[in-house]
Amino acid sequence: MAKVKNLQPWVEYFQMLRTYEENGFLDVKASEMEAYITQPALLTLSGEGEISSGDEQLAIQRMVRETPKILRRLRTYSAWKSQKGGDALSLPFALHVVKPDVPHDLICTLTISRKRVWWKLWMKTDVCDLIEY
């Protein structure tokens, strides 16, 4: 008997991301495997929301810990939108974080790609990079 996975959490997450797109907080360019997201939307996805001045260091640590998960989920959403399926998951993905106010200046770019790392040469793993502006 085949093991059936519950896809409802993914459906709900994709609906939330579609709502972000409709409200202008997220712009996914599936054919290019890249997305633009406002900084407050990224903080919300990481579970931080608004950061108070006293908790700034803790919020940054949590956001750094959650960012690879967010990148993987947004890459999966982009792959789903592109209709390429599993092939798109092996392509590099870029997430551009922009300021919430127009003209949406770039803050940083987060990339995720499948690479071989020196401690696991026999298999590829996701590697995240940060480009600051």
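## Briefing: a mixed sheet, a nonpolar core and a salt-bridge network

Thr-38 lies in strand E2. That strand is part of an open sheet of five, set out in the order E1-E2-E3-E4-E5 with mixed pairing. Keep in mind that this is a predicted model. Beyond the sheet, there's a nonpolar core of 24 residues, the largest one here, and a total of four salt bridges in the whole structure.

**The sheet**

- The edges belong to strand E1 (26-29) and strand E5 (120-132), each of which has a pairing partner on one side only.
- Going from one strand to the next, the twist averages 15°.
- At the E1 end, E1 and strand E2 (residues 34-38) run antiparallel and share four bridges. Lys-29 has Glu-34 in E2 as its bridge partner.
- At the E5 end, E4 and E5 are also joined in the antiparallel sense, by 10 bridges. A hairpin of two residues takes the chain from E4 to E5.
- Looking across that E4-E5 pairing, you'll find Leu-110 opposite Leu-130 in E5.

**Thr-38 in E2**

- Is Thr-38 buried or exposed? Thr-38 counts as buried because its relative accessible area is 5%, and the cut-off for buried is under 20%.
- Leaving out residues up to four places away in sequence, Thr-38 touches Gly-24, Phe-25, Val-98, Lys-99, Pro-100 and His-104.

**The nonpolar core**

- In soluble globular proteins, nonpolar side chains tend to be buried together.
- Which residues have the most contacts inside the largest core? They are Leu-17, Leu-26, Ile-37, Phe-93 and Leu-95.
- Helices and strands both feed into this core: helix H1 (8-22), helix H2 (39-45) and helix H3 (56-82) each supply at least two residues, and so do E1, E2, strand E3 (93-98) and strand E4 (106-117).
- H3 is the top contributor, giving five residues to the core.
- Leu-17 makes a handy starting point for a look around: ignoring neighbours within four places in sequence, Leu-17 is in contact with Leu-26, Leu-45, Leu-74 and Tyr-77.

**Lys-124 and the E4-E5 pair**

- Lys-124 sits in strand E5 and is partly exposed, at 43% relative accessible area.
- Lys-124 touches Arg-114, Lys-115 and Arg-116, again not counting residues up to four places away in sequence.
- In sequence, Lys-124 and Arg-114 are 10 residues apart; in space, their C-alpha atoms are 5.8 Å apart.

**Salt bridges**

- Side chains of opposite charge can pair when their charged atoms come close.
- Glu-21 and Lys-81 form one of these bridges, with 2.9 Å between the closest N and O atoms. The pair links distant parts of the chain, with Glu-21 in helix H1, Lys-81 in helix H3 and their positions 60 residues apart.
- Within that pair, Glu-21 is buried at 19% relative accessible area, whereas Lys-81 is partly exposed at 32%.
- Arg-72 meets Asp-126 in another salt bridge, at 3.0 Å from N to O. This one also connects distant parts of the chain: Arg-72 is in helix H3 and Asp-126 is in strand E5, 54 residues apart.
- Arg-72 is partly exposed, with a relative accessible area of 33%, but Asp-126 counts as buried at 16%.
- Asp-126 pairs with Arg-114 too, where the closest N and O atoms are 3.3 Å apart. Arg-114 is in strand E4 and Asp-126 in strand E5, so this bridge ties together parts 12 residues apart in sequence.
- Arg-114 counts as partly exposed, at 35% relative accessibility.
- Which residues make up the network of salt bridges? Arg-72, Arg-75, Arg-114 and Asp-126 are linked in it.

**Cysteines**

- How many disulfides turn up in a search of the whole structure? The count is zero.
- Cys-108 is buried, with a relative accessible area of 12%, whereas Cys-128 is partly exposed at 32%.

Note on methods:
Residues are numbered from 1 along each chain as its sequence is written. This is a predicted model: local features need pLDDT of at least 70, side-chain atom pairs count only at pLDDT 80 or more; totals for chains, interfaces and linings use all residues. Side-chain values use heavy atoms; hydrogens and water are left out. Two strands pair if DSSP finds at least two bridges between them. Axes are lines fitted to C-alpha atoms, for helices over the stretch in contact, and angles run from 0 to 180 degrees between N-to-C directions. A nonpolar core is a set of buried Ala, Val, Leu, Ile, Met, Phe, Trp, Tyr and Cys residues joined through side-chain atoms within 4.5 Å. Buried means under 20% relative accessible area, exposed over 50%, partly exposed in between (1.4 Å probe, protein chains only). Contact means heavy atoms within 4.5 Å. A disulfide is a pair of cysteine sulfur atoms within 2.5 Å. A salt bridge is a side-chain nitrogen of Lys or Arg within 4 Å of a carboxyl oxygen of Asp or Glu.
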